[in-house]
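Thank you all for making time this morning. I would like to walk through one model with you, beginning with its sheets and ending with its cysteines, so please have the viewer open.

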Amino acid sequence: MKDIGGYIESGIIEAYVLGMATSEEMVEVETYAATFPEVEEAINEFSESLELQARANAIAPNPIIKPLLMATLDYMSRMEQGETPSFPPDLSESSTPQDFDEWLNREDMVLPSYSTDLYAKIIAYTPQVTTAIVWITEMAPQEVHHNEYEKFLIVEGTCAITISDEDEHHLKPGDFLAIPLYKNHTVKVTSNHPCKVILQRVAA
């Protein structure tokens with residue numbers, strides 16, 4: 001009779017759970033698990049320990065990724081349906097919301113009722129520049145950009161943008177702000193309704 005304790009301690013259980021065992025070893029482990037409760041218990045214990053370790057070391061995804069991904073898919077769908085690409089002006093200190101009336105007044109450029117903390121509609125894209133209308137309900141979490149400049153023009157509402165945890169800018173409609181490279185920054189809405197901005201990301 002096989003030494004079940006030694007078998008369990010041999011590392012075969014770990015190899016089985018991790019998918020690193022050979023096909024013959026997989027069959028062998030499953031056969032022993034069906035025959036010896038100790039083997040089945042060892043499999044369950046190692047599987048549970050892996051899950052606990054994965055949860056303990058899990059990294060929460062950046063919450064900005066999903067809305068920007070959805071905005072990208074929406075923009076691609078609009079292009080496929082025949083929307084003509086547009087080329088809004090570059091954001092600068094002299095920019096005004098009226099410069100973007102062509103896009104701000106479009107019926108499809110609105111905040112839907114189902115939106116969460118951040119919602120975006122891309123209005124133009126080139127490999128060098130992405131321009132979007134963004135609504136922020138409460139805040140946008142910390143970001144750092146290494147290969148693109150981020151520019152904001154406030155259209156509606158107010159917000160505070162903090163750069164490097166100390167340089168705070170209180171912005172109102174018509175205000176412009178550019179974020180330097182390699183500087184962490186956060187956005188906190190200070191109005192009682194979403195802050196609507198023109199956001200432009202420019203390749204460095």
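Let me first fix a term: two strands count as paired if DSSP finds at least two bridges between them, and the strands themselves (E, at least two residues), like the helices (H or I, at least four residues), are DSSP runs numbered from the N terminus. What you are looking at is a predicted model, in which local features need pLDDT of at least 70 and side-chain atom pairs count only at pLDDT 80 or more, while totals for chains, interfaces and linings use all residues. Residues are numbered from 1 along each chain as its sequence is written, and side-chain values use heavy atoms, with hydrogens and water left out.

On that basis, there is an open sheet of 5 strands, which pair in the antiparallel sense and follow the order E1-E2-E9-E4-E7. E1 and E7 each have a single partner strand and stand at the edges, so one side of each has no neighbour in the sheet. From one strand to the next the twist averages 20°, where axes are lines fitted to C-alpha atoms, for helices over the stretch in contact, and angles run from 0 to 180 degrees between N-to-C directions. Between E1 and E2 there are 7 bridges, again antiparallel, and Ile122 stands opposite Ala132 in E2. Helix H5 packs on this sheet, where it touches E1 and E9, and its direction makes about 40° with that of E1; contact here means heavy atoms within 4.5 Å.

A further open sheet has 4 strands in the order E3-E8-E5-E6, with antiparallel pairing. Its edges are E3 (139-143) and E6 (167-171), each with a single partner strand, so one side of each is left without a neighbour in the sheet. The twist in this case averages 15° from one strand to the next. E5 and E8 run antiparallel and are joined by 5 bridges, with Ile163 opposite His185 in E8.

Which elements supply the largest nonpolar core with at least two residues each? A nonpolar core, to be explicit, is a set of buried Ala, Val, Leu, Ile, Met, Phe, Trp, Tyr and Cys residues joined through side-chain atoms within 4.5 Å, and buried means under 20% relative accessible area, with exposed over 50% and partly exposed in between (1.4 Å probe, protein chains only). The largest such core has 23 residues, and those with the most contacts inside it include Val134, Phe152 and Cys159. Helix H5 and strands E1, E2, E4, E5, E7, E8 and E9 each supply at least two of its residues. Apart from it lies another core, of 14 residues, with Ile4 and Tyr7 among them. Leaving out residues up to four places away in sequence, Phe152 touches, among others, Leu91, Ile161, Phe176 and Val187.

Finally, the cysteines. With a disulfide taken as a pair of cysteine sulfur atoms within 2.5 Å, the count comes to 0 disulfides. The nearest cysteine sulfur to that of Cys159 belongs to Cys195 and is 3.9 Å away, which is too far for a bond. Cys159 counts as buried because its relative accessibility is 2%, and Cys195, at 0%, likewise counts as buried.
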